[in-house]
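Thank you all for coming. I would like to walk through one chain this morning, moving from the overall fold to a few individual residues, so please have the viewer open as I talk.

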Amino acid sequence: MPDVENIQRLSYVSFITSDHDKFMQSYQFYSNLGFRLTKNFSRVTTDGASGANKPQMQLGVSKDSLREIWLESYPLQEVDENGNLRPWQEMNIYSGDHGERLTDTTVIKIRLSNEEHLKPTVKKFVFFTTDLKKAEKLLNDAKVEFEKDSDHIFHVKDPFGNHLQFSNTKNILDSKQYHSPEEYIKETEAAILKRTHKKQLKSEIDLVIDQEKPFVDDGKKKKIAVMTSGGDAPGMNPAVRAVVRAGIFYGCDVYAVYEGYSGLVKGGSLLKQMDWSDVRSYLSLGGTAIGTARCKEFREREGRLQAAYNMVVNGIDALVVIGGDGSLTGADLFRSEWPSLTEELVKTGKLTSEQVKPYQHLTIVGLVGSIDNDMSGTDVTIGAYSALSRITEMVDYIDATASSHSRAFVVEVMGRHCGWLALLAGMATGADYIFVPERPPKASEWKRELEEICARHREYGRRKTTVIVSEGAIDDELNPITSEQVKQVLVDIGLDTRITILGHVQRGGTAVASDRRLATLQGVEAVRAVLEMTPDTPSPMIGISRHKIVRTPLVDAVKHTKAVATAIENKDFDKAMSLRDANFAESYKYFESITTFDDGSRQLPEDRRLNIAVVHVGAASAGLNAATRAIALQSISRGHTLYAVTNGFSGLVKGQLRKLNWLDVEGWHSRGGSEIGTNRSLPSQNFGEVAFYLQKYNIQGLLIVGGFEAFTSLHELHDQREKYPIFKIPMVVIPATVSNNVPGTEYSLGSDTCLNELVTYCDAVQQSASSSRRRVFVVEVQGGHSGFVASYCGLITGALATYTPEAQISLKEIQRDLDLLFKVFQSDRGEDHNGKLIVRNEQASSVYTTELIADILKENAKNRFETRTAVPGHVQQGYTPSAADRVYAVQFSLKAIEFIEQYNRCVDNANIVMEEDENDGDNDYDIDFSPKHSQVVIGIQGAALHFTSVKKLYDFEADIKLRKGKTVHWKNIIEVEDMLSGKTLLRRNARG
């Protein structure tokens, strides 16, 4: 039995000898016992050893050692399904590098010394093993004699004469015997987790959440479930992330329902409570990470009864459903049946009255995830713009090969009951013709009309033909129009024609910037709706109307959606058009105007035709060419003459104006930059020459496309009207800048392209950061003194922090974010996607530069994480305009021409919306189509597309020094971003 001289729980020991044979025998002895070689050092040979000429290998080596061998016992670890050791970082007990381990390791150093007459020292060591029989077998295989003291202890001598005792009890006072590593690991893991209350399984944010005050409803903590149902759509994952984190932020437990309604019916592991960190990488994932499936069982009452049971036993009485109209209809039916379902569960004995009492009412909130954009009550659905982006990209590729071979392509897109994708894809790609179910062509005329339009465009000089067909296309007699039929018409006029059915590629890929924003904001609003609803509140559907997040009664939205199909079946196509979103009918009108009516059939009388000029001002951005193309085609359609001013106002003072015809702008919809040239020159360089050439060419309307320099140019011309009467002609600024800093608008052409480029760039950077595990990238984005791009980018990329000019950077703020980084990385388990981004606007601070912030973080990281900088620079301008920028370019441009036409009395009513002055009785800024108010800025302001007097904007809204508007219209983005990054939560916790 062990005595007081025994050494237990041995961590490190060094054996020394001058006998080479004993040295090798000892190495062999301990190797046979399972100790692994960690260092083999030799000063006398390189055969099988190393380190004599490597200083780093000599660390810890004694000076008198000729050779040293370091051996280490294997620590106990879990094994995977293949029998391989599972890394410590992946074990359940891992809570950081300094966390508690399952067992201690033992290091044995065996030294061959050059000293003679060494005095032998003999010790007794006690080793713990969970597999005593295996240790005995290893000694038997090595033909080493040992003696058994009992059924759980044996002892043996090593070549140095040391007495080694092996036991399957942890110490002499412990009677518990272990007979396998698995038995010991299971028991020890449970003990460690019990001692630490499982803290090592949670991130610091999750631990903070545990301390937060819960949201209590009727005496119980609110529990919300979120599910995705029906067809998948890009943006569903960002929506799930937003619901999970917003729910946790507001003190609720949030469950994910895996596999849609099927998971709700089956329950069990398909209903999983979500932690903050569970949705960490969801922003950049396409499809739906929690799955979706069709479920026949839920269509029957028995299935809904089982779903109700699963929700009650899990304490859930609120459900956020992300899906199409069918999924949302099923959810609302579920709510209406809820009282009878719970009553039946009690009657059948599956649940007691006490169990169902806290769950008398079910709360349902719907989010529309559908690439078809076929739901009424919202202008756009989650996933629609991502699908449109895929279509636009694919058609651009097709156009390249079509032009090469002078071919025609029929491109079929999704949209069985809704033509939104086909319509906007037609606008974005410059298609020759489109087929949509809401506005079907006449059965007896569509083939002839298609032939005429396509043949006419070929006569104009176009080398390709593109026809986009919605899969639900019909004629006005409700006969289906197939891609094969369309192809045959094109073949009959002599065109080499191909059909491309894009299919499910439209659903694929990660969500574009606008879908990430939409899904995130709607997800947060869904949670707020859950917490604010009463039993009498109709189930809401979260949508967006005129760029504002809104709640619409779900029943009404579904009713109006189905009314579209009914209207089409009744051949009431005008009603079908009116039931679509606010821009659908106008977009169709604009498409026809620049594509179908370029034959001169809709030209104004000659005495009402105008000379219009277009000029690009400021930095290049995506959308300049798309806008100019739309202006040119609309001018042709209306009979106007369009002059392009080359090289900005510096070109105008030199008289550099040229007419643009149909073929000149061919293909400009997909080109970035500026085909007519742009720079930052202003008219103030020579007002006289500007006035002279406007008069010389009899310009009756001027369109200035650009950013803040365009706004400044317009104001300069406005101030010189009395001196130069020609400046009283109508002038419109079409905002186009990546910075989105033009006063009077919440959206500028090019900003969507910029944000999509940043999404791609930041996703790649974050992937690098995650691959390196603990790495932080400080990304510098453009935007001038406007924080719009940085704030938007931070929201859609999941940045940990965002620095903007509007919120002054301070050392205290950086320190807070540094503390947050430490908390985020504190429980990093290695396998998680835990790279982080910090987004900084280029003008956020003159002191705290991108490099300085990275250096501060690096200096204080204490090797917990690394830092890098990433500056995308002019990559943000994009190579080709995004689909959204192309569509908005058409809408902005044609609306601007309508303003010029109405100002010149070419038309009676162009449906122009003006921003009215709110000052009592003072109409100094009201637009009344008089020379006093001929200079305006077109822009999106909240609910509509407005024209605002440049004087009003200059006097009240513009920050001239900082080159931006004073209104921060993206405040809600900043608030949601801080909420979902955990920043607000941790600040709130720090304040107590």
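What percentage of the 992 residues in the chain do the buried residues make up? The figure is 57%, and I should say at once that this comes from a predicted model. The chain contains 30 helices and 35 strands, and if we take the contacts with a separation of 6 or more, 77% of them are between residues 24 or more positions apart.

Let me turn to the interior. The largest nonpolar core has 147 residues, and the members that touch the most others within it are Val 320, Tyr 385, Trp 420, Leu 703, Val 732 and Ile 734. Helix H27, which covers residues 883-903, supplies the largest share of this core with 12 residues. Apart from this core there is another, of 35 residues, which includes Val 321, Tyr 359, Ile 364 and Leu 554.

Tyr 385 is worth selecting on your screens. Leaving out residues up to four places away in sequence, Tyr 385 touches Val 380, Trp 420, Leu 424, Val 512, Ser 514, Asp 515, Ala 884 and Tyr 888. One of those partners, Tyr 888, appears again in the second largest pocket, where Tyr 888 is listed with Ile 544, Arg 546, His 547 and Ile 940 as the residues nearest the centre.

That pocket holds about 1100 Å³ of space, and its lining is made up of 49 residues. By class, 27 of the lining residues are nonpolar, nine are polar and 13 are charged. Which helix gives the most to this lining? The answer is H15, residues 513-532, with eight residues.

H15 also leads us to the next element, since H15 is among the elements that cover the buried residues of helix H24. H24 runs over residues 788-797, and because 10 of its 10 residues are buried, the helix is largely enclosed by the rest of the structure. The buried residues of H24 include Phe 788, Val 789, Tyr 792, Cys 793 and Leu 795. Besides H15, the cover includes helix H23 (751-771), strand S28 (775-781), strand S29 (801-803), strand S30 and helix H29 (971-981). Just after H24, Gly 798 adopts a positive phi of about 70°.

Two loop residues can be placed around this part of the chain. Ser 739 sits in the loop between strand S27 (731-735) and H23, and Ser 739 counts as buried because its relative accessible area is 11%, the cut-off for buried being under 20%. Not counting residues up to four places away in sequence, Ser 739 touches Gly 783, Gly 784, Ser 786, Phe 788 and Val 789. The last of these, Val 789, is 50 residues from Ser 739 along the chain, yet their C-alpha atoms are separated by 6.3 Å.

Glu 842, in turn, lies in the loop between S30 (836-841) and helix H26 (850-860). Is Glu 842 buried or partly exposed? With a relative accessibility of 29%, Glu 842 counts as partly exposed. Its contacts, with residues up to four places away again left out, are Glu 780, Val 781, Gln 782, Gly 783 and Gly 784. The C-alpha atoms of Glu 842 and Glu 780 are 5.9 Å apart, although these positions lie 62 residues apart in numbering along the chain.

For contrast in location, please go back to helix H1, residues 20-32, which contains Ser 26. Ser 26 is buried, since its relative accessibility is 0%, and beyond its neighbours within four places in sequence Ser 26 is in contact with Ile 110, Pro 159 and Phe 160.

Backbone geometry deserves a short comment as well. Ser 406, in the loop between helix H11 (384-405) and strand S17 (408-413), has a positive phi near 55° although Ser 406 is not a glycine. Leu 478, in the loop between strand S19 (465-470) and helix H14 (483-492), likewise has a positive phi, near 70°. Ser 406 is partly exposed at 26% relative accessibility, and Leu 478 is partly exposed at 31%.

Finally, a word on the cysteines. The structure holds zero disulfides. Cys 295 counts as buried at 8% relative accessibility, and Cys 454 is buried with a relative accessible area of 0%.

Note on methods
Residues are numbered from 1 along each chain as its sequence is written. This is a predicted model: local features need pLDDT of at least 70, side-chain atom pairs count only at pLDDT 80 or more; totals for chains, interfaces and linings use all residues. Side-chain values use heavy atoms; hydrogens and water are left out. A nonpolar core is a set of buried Ala, Val, Leu, Ile, Met, Phe, Trp, Tyr and Cys residues joined through side-chain atoms within 4.5 Å. Buried means under 20% relative accessible area, exposed over 50%, partly exposed in between (1.4 Å probe, protein chains only). Helices (H or I, at least four residues) and strands (E, at least two) are DSSP runs, numbered from the N terminus. Contact means heavy atoms within 4.5 Å. On a 1 Å grid over the protein atoms alone, a cavity is a set of points where a 1.4 Å probe fits but cannot get out, and a pocket is an open set with protein on both sides within 12 Å along at least five of seven lines; lining residues have an atom within 4 Å of a point. Grid points are joined across faces, edges and corners, and a volume is the space filled by probe spheres set on the points. Ala, Val, Leu, Ile, Met, Phe, Trp, Tyr, Cys and Pro count as nonpolar, Asp, Glu, Lys and Arg as charged, and the others, Gly among them, as polar. A disulfide is a pair of cysteine sulfur atoms within 2.5 Å.
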